[in-house]
Amino acid sequence: MIMPNKKIDPPSDDKRWKVVETTIRRNGSSAGALIETLHSVQEWFGYLDDQALTYVAHRLMLPLSKVYGVATFYHFFTLKPGGKHTCVVCNGTACYIKGAKKLIDDIADQYGAKLGETTKDGELSVLGARCLGSCGLAPAVVIDGDVKGNISSEDLIATLQGVINHDA
Ligand code: FES
């Protein structure tokens, strides 16, 4: 049985960790707590990095090796973003109904990167999520950590263009 360790602070005061914390509290003692927690981190941050995995290990009081083992075993976990920028497109039911597929297709047309891929120039990684927990905002995406809801393809491409050009 996993007993969450309440004394560990999140890696930063990024408010997305609050959502991850809710998942940890909800699944604290269940057998699936690790997988659910990793899902939550990935859905909000787009990928799992060393800092996040270390935090999850401490928080759930598990050996880091076990956390790495699970994160690398399942193909739906992404260990690090290939691209400089990350766009997570929610592909859950509500978002799918409200046009997530068109967003994914239009990103692929514009940038040549499908879900799980990074553009050839390394600027953008496109990732999918099951449900970001913001179904009222469907279709929802998370661009470099910013949630954008009710987004159209045109707005999404314009936002991505802006993010990519910003550091060009
Ligand atoms: S299905 Fe997309 S936020 Fe829930």
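Domain bounds here come from an automatic or database domain assignment. On that footing, this predicted model is split into domain 1 (16-73) and domain 2 (85-166). Let's walk through how the two domains meet, and then through the two biggest pockets, since residues of both domains turn up in the linings of each.

**How the domains meet**

- Taken over C-alpha atoms, the centres of domain 1 and domain 2 are 23 Å apart.
- Domain 1 brings 7 residues to the contact, while domain 2 brings 11 residues.
- The size of an interface is often given as the accessible area lost when the parts come together.
- For this pair, domain 1 and domain 2 bury about 780 Å² between them, and 52% of that area is on carbon and sulfur atoms.
- On the domain 1 side, three residues stand out: Glu43, Trp44 and Gly46 supply 67% of the area that domain 1 buries against domain 2, more than any other three residues.
- If you are looking for salt bridges between domain 1 and domain 2, the count is 0.

**The largest pocket**

- The largest pocket holds about 240 Å³ of space.
- Its lining is made of 18 residues, and those nearest the centre are Arg16, Trp44, Phe45, Tyr47 and Asp49.
- Trp44 is worth a second look, as this residue lines the largest pocket and is also one of the three that supply 67% of the area domain 1 buries against domain 2.
- At least two lining residues come from each of α1 (16-27), α2 (33-45), α3 (50-59) and β1 (85-90).
- Among the elements, α2 gives the largest share, with 3 residues.
- Sorted by class, the lining of the largest pocket has 10 nonpolar, 5 polar and 3 charged residues.
- Domain 1 and domain 2 each contribute at least three residues to this lining.

**The second largest pocket**

- About 200 Å³ of space lies in the second largest pocket.
- Its lining includes His39, Gln42, Glu43 and Gly46, together with Phe76, Thr78, Leu115, Gly116, Leu127, Gly128, Ala129 and Arg130.
- Two or more of these lining residues come from α2 and likewise from β3 (124-129).
- The classes here are 4 nonpolar, 6 polar and 2 charged residues.
- Why does the second largest pocket lie between domain 1 and domain 2? Both domains give residues to its lining, so that is where it sits.
- Glu43 and Gly46 link this pocket to the domain contact: both line the second largest pocket, and both belong to the trio, with Trp44, that supplies 67% of the area domain 1 buries against domain 2.

Note on methods: Residues are numbered from 1 along each chain as its sequence is written. This is a predicted model: local features need pLDDT of at least 70, side-chain atom pairs count only at pLDDT 80 or more; totals for chains, interfaces and linings use all residues. Side-chain values use heavy atoms; hydrogens and water are left out. On a 1 Å grid over the protein atoms alone, a cavity is a set of points where a 1.4 Å probe fits but cannot get out, and a pocket is an open set with protein on both sides within 12 Å along at least five of seven lines; lining residues have an atom within 4 Å of a point. Grid points are joined across faces, edges and corners, and a volume is the space filled by probe spheres set on the points. Helices (H or I, at least four residues) and strands (E, at least two) are DSSP runs, numbered from the N terminus. Ala, Val, Leu, Ile, Met, Phe, Trp, Tyr, Cys and Pro count as nonpolar, Asp, Glu, Lys and Arg as charged, and the others, Gly among them, as polar. Contact means heavy atoms within 4.5 Å. Buried area is the accessible area (1.4 Å probe) that two parts lose on being put together, summed over both. A salt bridge is a side-chain nitrogen of Lys or Arg within 4 Å of a carboxyl oxygen of Asp or Glu.
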